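Student: Pick one part of this model and take me through it closely, please. I'd like one connected walk, with the cut-offs stated as you go.

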Amino acid sequence: MDTKSAQETARVLIEALPYIQRFAGTTVVIKYGGNAMENDELKNSFARDVVMMKQVGINPVIVHGGGPQIGDLLNRLGKESKFVQGMRVTDRETMDVVQMVLGGLVNKDIVNLIQHNGGQAVGLTGKDGRLIQARKMLLKNLDADDPELQASEIIDIGHVGEVRGIDTRVLDLLGGSDFIPVIAPIGVDEEGVSYNINADLVAGKVAEVLRAEKLILLTNVAGLKDKEDRVLTGLTADRVNALIQDGTIFGGMLPKIRCALEAVENGVHTSHIIDGRVAHAVLLEILTDKGVGTLISKR
């Protein structure tokens, strides 16, 4: 390494130092999915990021998705994927595939990736220790012609759930160890029935009950943008609600924004929506002055 490169390395480390000091001992919940899961270079950079976080005293908790992988296996099995209001219709056979893909293939791949990059990880589903307590999600029929039916008629989309509660005992045991929890978003209800749950929602609820310093949602966009296509950051909850009202935030970004908002309104210090297509996006957001996405705080 030449002198100029060494000086740049030193500058980066000095810039990171106050952030390391500030966040040491805190918990950061990361929803991992999208492009960051599909590219080998990005997968390894993500794994090194969480290993580095753990090494400097920050406690990462990972919640992962896996929708494309589920769709690929269903397609190979000759089973058509159906969606209602963006939710995958999940009959019993599809739920078996979901559990195989999320709880098996994807979860263990992430665990292996972290360990290959020098960390220690433990793979969990929400069924382990009743970590994610679920209830069935029922959707209002927004396609009904009659306005009264729009508010009352319910669509059953099978084994799709929402979070009823989080039991942190397993995570508490891991929190004081060298292990990084990797959670597949599969919950179970009081009757022992399994449900597929949106990973963003699970990550938000886990962040809330752990009183996390940060909730980080990896996405396939640069962050929340204004109408001039500029990335916005340093937003308060009131400002985000105003952007929803004036139509700046719409469509597919709304569920992520609402998840981020709910987290900060329920005790998480900050939520971040960051670009998972950028190598080392997590470390850049947490440990540098500029960051790579949108930060949202309560006030």
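Tutor: First, the pairing rule: two strands pair if DSSP finds at least two bridges between them. The elements themselves are DSSP runs numbered from the N terminus, with helices being H or I runs of at least four residues and strands being E runs of at least two. This is a predicted model, where local features need pLDDT of at least 70 and side-chain atom pairs count only at pLDDT 80 or more, while totals for chains, interfaces and linings use all residues. Residues are numbered from 1 along each chain as its sequence is written, and side-chain values use heavy atoms, with hydrogens and water left out.

The part I'd pick is strand β14, and from there we can work outwards. On one flank, β14 pairs in the parallel sense with strand β12 (residues 235-236), over two bridges. One residue to click on in that strand is Thr236, whose bridge partner in β14 is Ser297. On the other pairing, β14 runs antiparallel to strand β13 (residues 270-275), and five bridges join them. There you'll find His272 standing opposite Leu295 of β14.

How enclosed is strand β14 by the rest of the structure? Buried means under 20% relative accessible area and exposed means over 50%, with partly exposed in between (1.4 Å probe, protein chains only). Four of the five residues of β14 (residues 293-297) are buried, so this strand is largely enclosed by the rest of the structure. For the background level, buried residues make up 51% of the 299 residues in the protein.

Now zoom out to the sheet that β14 belongs to. It is an open sheet of eight strands with mixed pairing, and the order reads β5-β8-β2-β1-β11-β13-β14-β12. The edges are held by β5 (120-125) and β12, each with a single partner strand, so one side of each has no neighbour in the sheet. Further along that order, strands β1 (residues 27-32) and β2 (residues 59-64) run parallel and are joined by six bridges. If you want a register mark for the β1-β2 pair, take Lys31, which has Val63 as its bridge partner in β2. For the wider setting, the protein has 10 helices and 14 strands, and its C-alpha trace spans about 70 × 45 × 35 Å along its principal axes.

Back to β13, and the loop that follows. His280 is found in the loop between β13 and α10 (281-287). What is the phi of His280? It is near 60 degrees, a positive value in a residue other than glycine. His280 is also partly exposed, with a relative accessible area of 29%. There's another positive phi to look at: Arg211, with a value near 50 degrees, and again not a glycine. Arg211 belongs to the loop between α7 (199-209) and β11 (214-219). Its relative accessible area is 58%, so Arg211 counts as exposed.

His280 also leads us to the empty spaces. These come from a 1 Å grid over the protein atoms alone: a cavity is a set of points where a 1.4 Å probe fits but cannot get out, a pocket is an open set with protein on both sides within 12 Å along at least five of seven lines, and lining residues have an atom within 4 Å of a point. His280 is one of the residues lining the largest cavity, and others there include Ala36, Phe46, Leu218, Gly276 and Val282. Both α2 (40-55) and α10 supply at least two residues of this cavity's lining, with α2 giving the most, four residues.

The second largest pocket has His280 in its lining as well, along with Arg11, Glu15, Met52, Leu284 and Thr288, among others. Two or more residues of that pocket's lining come from each of α1 (3-23) and α10. The largest share, six residues, is from α1.

Finally, the β11 strand of our sheet takes us to the largest pocket. β11 is among the elements that each supply at least two residues of its lining, as are α3 (67-76), β4 (87-88), β6 (132-140), β7 (154-166), α7 and α9 (253-265). In total, 46 residues line this pocket, and those nearest its centre are Gly86, Met87, Asn198, Ala199 and Asp200.
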